[in-house]
Amino acid sequence: MNEESLQLEGKHSVLEALRADQTIERLFVLKESKDSQIQSILREAKKHHVMVDFVDKERLDHMAETDHHQGVICKLAAFKYAELSDMFDNSEKSGEPPFFFILDGIEDPHNLGAIIRTAHQAGAHGVIIPKRRAVGLTATAVAASAGAVNYIPVARVTNLVDTIKELKDRGMWFVCADMDGTTMYDLNLKGSIGIVVGSEGNGVSRLVKENCDLIASIPMKGQIDSLNASVAAGVLAYEIVRQRLTA
């Protein structure tokens, strides 16, 4: 599947996609447009909790694959998102305490796909991503997961901090990957746990980090100061796997 097949352009096409409740990854609308159909699109987007990016005409023209974007372009998700309840169902079926990945601002679709693949292979029960300032289930991310999206639920939430608090109320606790933390081998990472991994450039955001219970660092001996996000997620995940196997 390619990216082009996932882009819709023009007021009628986008409005019908919204009314049909298709999973829309991103919606781009001409800023300050007073067009009545554009206003209808915005009302539908609000009804379906779709995030809207208001952009100038130059950007829309650059994004467009046709000459008829009419001030609106949307990108459809390449795969249907799951719910948090699906992840707890997975945990219950496996007979294991919940094990989730929370990704804070991953922008590279190849990294997202790789992390989803690692999460599945490590026995995690779900992956959570934010709606804003992060890549979603684009065709590239789905392809990079090598089929893992078919086996592990991926949920997209409006606010990661609120989601972490909700999951804490359900008995989970969270470990954040950060080079300033305690060496992961010195931490107890058993039980109902969520791994929090930040973006390649900025790491885990301050508010998300403040709501984590532990901060884990990965021992490194090289001259550069960080690992690729998908590699860091994998290393920390398999320390959790190791501890679960020795429980």
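Which residues lie nearest the centre of the largest pocket? They are His 48, Tyr 81, Glu 83, Lys 131 and Arg 156, five names from a lining of 22 residues. Before we go further, please note that this is a predicted model, in which local features need pLDDT of at least 70 and side-chain atom pairs count only at pLDDT 80 or more, while totals for chains, interfaces and linings use all residues. Residues are numbered from 1 along each chain as its sequence is written, and side-chain values use heavy atoms, with hydrogens and water left out.

## The largest pocket

The volume of this pocket is about 530 Å³. A pocket here is an open set of points on a 1 Å grid over the protein atoms alone, with protein on both sides within 12 Å along at least five of seven lines, and lining residues have an atom within 4 Å of a point. Grid points are joined across faces, edges and corners, and the volume is the space filled by probe spheres set on the points.

Sorted by class, the lining holds 8 nonpolar, 7 polar and 7 charged residues. In this scheme Ala, Val, Leu, Ile, Met, Phe, Trp, Tyr, Cys and Pro are nonpolar, Asp, Glu, Lys and Arg are charged, and the others, Gly among them, are polar. Strand β7 (154-157) and helix α7 (160-169) each contribute at least two lining residues. Helices (H or I, at least four residues) and strands (E, at least two) are DSSP runs, numbered from the N terminus.

## Salt bridges

Side chains of opposite charge can pair when their charged atoms come close. The whole structure has 11 salt bridges, each being a side-chain nitrogen of Lys or Arg within 4 Å of a carboxyl oxygen of Asp or Glu. Three of them are set out here.

| Pair | Closest N to O distance |
|---|---|
| Glu 25 and Arg 156 | 2.9 Å |
| Asp 53 and Arg 26 | 3.0 Å |
| Glu 210 and Arg 206 | 3.1 Å |

Arg 156, which we met by the pocket centre, pairs with Glu 25. Glu 25 sits in strand β2 and Arg 156 in strand β7, so their bridge ties together parts that are 131 residues apart in sequence. Are these two partners buried or exposed? Both Glu 25 and Arg 156 are buried, where buried means under 20% relative accessible area, exposed over 50%, and partly exposed in between (1.4 Å probe, protein chains only).

The bridge between Asp 53 and Arg 26 also runs between strands: Asp 53 belongs to β3 (residues 52-55) and Arg 26 to β2, so the pair ties together parts that are 27 residues apart in sequence. Asp 53 is buried, at 18% relative accessible area, whereas Arg 26 is partly exposed at 35%.

Glu 210 and Arg 206 pair within one helix, α8 (residues 206-210), where they are 4 residues apart, about one turn. Glu 210 is exposed at 52% relative accessibility, and Arg 206 is exposed at 57%. Elsewhere, shared partners join Arg 26, Asp 53 and Arg 132 into one salt-bridge network.

## A nonpolar surface patch

Which residues form the nonpolar patch on the surface? Met 179, Met 220, Leu 227 and Val 231 do, with about 340 Å² of accessible area together. Patches take residues with over 30% relative accessible area and no salt bridge; like charges are joined within 9 Å, and nonpolar side chains (Val, Leu, Ile, Met, Phe, Trp, Tyr) within 5 Å. The areas come from the Shrake-Rupley method with a 1.4 Å probe, and for residues only the protein chains shown count as cover.

Met 220 lies in the loop between β10 (214-217) and α9 (229-245), and is partly exposed at 36% relative accessibility. Pro 219 is also found in the loop between β10 and α9, partly exposed at 47%. The C-alpha atoms of Pro 219 and Met 179 are 8.4 Å apart, although 40 residues separate the pair in sequence. In strand β10 we find Ala 216, buried at 2% relative accessibility.

## Backbone and spacing

Two residues that are not glycines have a positive phi: Asp 21, at about 60°, and Arg 133, at about 55°. Asp 21 is in the loop between α1 (11-19) and β2 (24-30). Arg 133 is in the loop between β6 (126-130) and α6 (139-144), and is exposed at 69% relative accessibility.

Leu 76, in strand β4 (residues 72-76), is buried at 12%. Its C-alpha atom is separated by 9.4 Å from that of Ala 139, 63 residues apart along the chain.

Note on methods. 1 Å grid on protein atoms, 1.4 Å probe; cavity = no way out; pocket = protein on both sides within 12 Å on 5 of 7 lines; lining within 4 Å.
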